[in-house]
Structure formats: C-alpha cells, structure tokens
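Biologist: Please take a close look at the sheet in this model, and at the helices packed around it. I would like one connected account.

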Amino acid sequence: MRFEGTAVAMVTPMHEDGSIDEEGYRQNINWLIEQDVDGLVAAGTTGESATITHEEHRRVIDIMVDEVDGRVTTIAGTGSNATTEALDLTKYADDAGADMALLITPYYNKPQQHGVIEHYRQINDKTDIDIVAYNVPSRTGLDMAPETIVELAKMD
C-alpha cells in the first residue's frame, strides 16, 4: 500500500479512572475524518503507547478500525523495544484490519544499525501488513542511518 496525504497521530482520551474514553475516541476519529485527513494513527507515541496496557493497546486499534470503517487509511502503532512484543502487536493490527503498522525503532536498548535492520526484518518477514518505519531519535536515543533506511526500503 502506498500512503499519500496527511495522517494524524491521535491521543488516546482517558477517563479520570484511567480507562479509555471510547466515546470520546470515536468522536475524535469522526471529527478528524470530517476535517479531510487521509489517515489516522492509533497507539503511537502520541497515543500513550508506552503507558497503556497491551489489552488497552489492542482495544485502541480495534476502536479505530471499527469507527473508521474504511473511510481513511488506518495506521496502528505497534512498535516496542522488544521485537517479540512488536511482532505480536503488529500481527494483532493486521488481524484487526488496520491498513498499516507504525513501528518505532527499538527504544531504550539502542541497538546498532544492523540490529535495527534485523528488528524490522523479523517483523516484516512474519507479517503481511505494510510497515512504516518510525525514526524518532528524541524518543529512542537512536537515529537510523541513511544506509539503514535504504536497507529497510528494500524489504517487501
């Protein structure tokens, strides 16, 4: 899949008790679509991916896919510093019907560039969903080298 246009990284609205505000989340989705965005990103770093549980993470993806209902491109944040965890979330997003998966480079661990390539390769080779490689050094302490990005672009 080729994506063109504007995709908005959504926050995950929460109730004071810490639970997901599903109604508010659905309202945000519809408002953004009414503003003519081309895609929505759920459970990325803007959407509190590092502070929600895996169950909440999956629920946020489900809500987005359900509410969007094919009107715009859905991009599920599925990254993690653990390759197995990122793979699990990416498989979930694919099964849930998301169009693409947004994977941040492994944070905290700061792998070498060949380790970054292997992280993405493991996930790419075991899923069918299109992957967006998310390079955000301010969050990860790691910057993908141009050569690394070239290698990732060669993957199917």
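Modeller:

**The sheet and its helices**

Both faces of strand β3 are covered: T73, I75 and G77 are buried on one side, and T74 and A76 are buried on the other. This is a predicted model, and the description holds for that model. In a regular strand, side chains alternate between the two faces of the sheet. Five of the five residues of β3, which spans residues 73-77, are buried, so the strand is largely enclosed by the rest of the structure.

β3 belongs to an open sheet of five strands, ordered β1-β2-β3-β4-β5, with parallel pairing. β1 (7-9) and β5 (130-134) are the edge strands; each has a single partner strand, so one side of each has no neighbour in the sheet. From one strand to the next, the twist averages 25°.

The pairing can be followed from β2 towards β5. Strand β2, residues 39-42, runs parallel to β3 and is joined to it by four bridges. Within that pairing, V41 stands opposite I75 in β3. I75 is also one of the buried residues of β3, on the side that holds T73 and G77. Between β3 and β4 there are three bridges, again in the parallel sense. A76 of β3 has A101 in β4 as its bridge partner, and G77 has L102 in β4.

Strand β4 (residues 100-104) continues the sheet, pairing with β5 in the parallel sense over five bridges. One residue of β4, I104, has Y134 in β5 as its bridge partner. β4 is mostly covered, with five of its five residues buried. As for its two faces, M100, L102 and I104 are buried on one side, while A101 and L103 are buried on the other.

Next come the helices. Two packed helices are described by the angle between their axes and the distance between the axes. Helix α4 (residues 113-125) lies across β4 and β5, and runs at about 165° to β5. The axis of α4 also comes within 10 Å of the axis of helix α6 (residues 146-153), and the two cross at roughly 20°. An angle under 35 degrees counts as roughly parallel, which makes α4 roughly parallel to α6. The crossing of these two helices is right-handed. On the α4 side, the residues in contact are Q113, V116, I117 and Y120, and they meet T148, E151 and L152 of α6. By class, the α4 and α6 contact residues are four nonpolar, two polar and one charged.

A second helix pair is formed by α2 (residues 54-68) and α3 (residues 83-96), whose axes come within 10 Å and cross at roughly 25°. That angle makes α2 roughly parallel to α3. α2 passes α3 in a right-handed crossing. From α2, the residues H54, H57, R58, I61, D62 and V65 meet E85, D88, L89, Y92, A93 and A96 of α3. Sorted by class, the contact of α2 with α3 has six nonpolar, two polar and four charged residues.

To return to the sheet, β3 is joined to β2 by four bridges and to β4 by three, and both of its faces are covered.

Note on methods
Residues numbered from 1 in each chain as written. Predicted model: local features only at pLDDT ≥ 70, side-chain atom pairs only at ≥ 80, totals over all residues. Heavy atoms only, no water. Axes fitted to C-alpha atoms, helices over the stretch in contact; angles between N-to-C directions. Parallel < 35°, antiparallel > 145°, perpendicular 65-115°, else oblique. Left-handed = near helix turned anticlockwise from the far one by under 90°. Contact = heavy atoms within 4.5 Å. Nonpolar A, V, L, I, M, F, W, Y, C, P; charged D, E, K, R; others polar. Pairing = 2+ DSSP bridges. Buried < 20%, exposed > 50% of the residue type's maximum accessible area, 1.4 Å probe, protein only.
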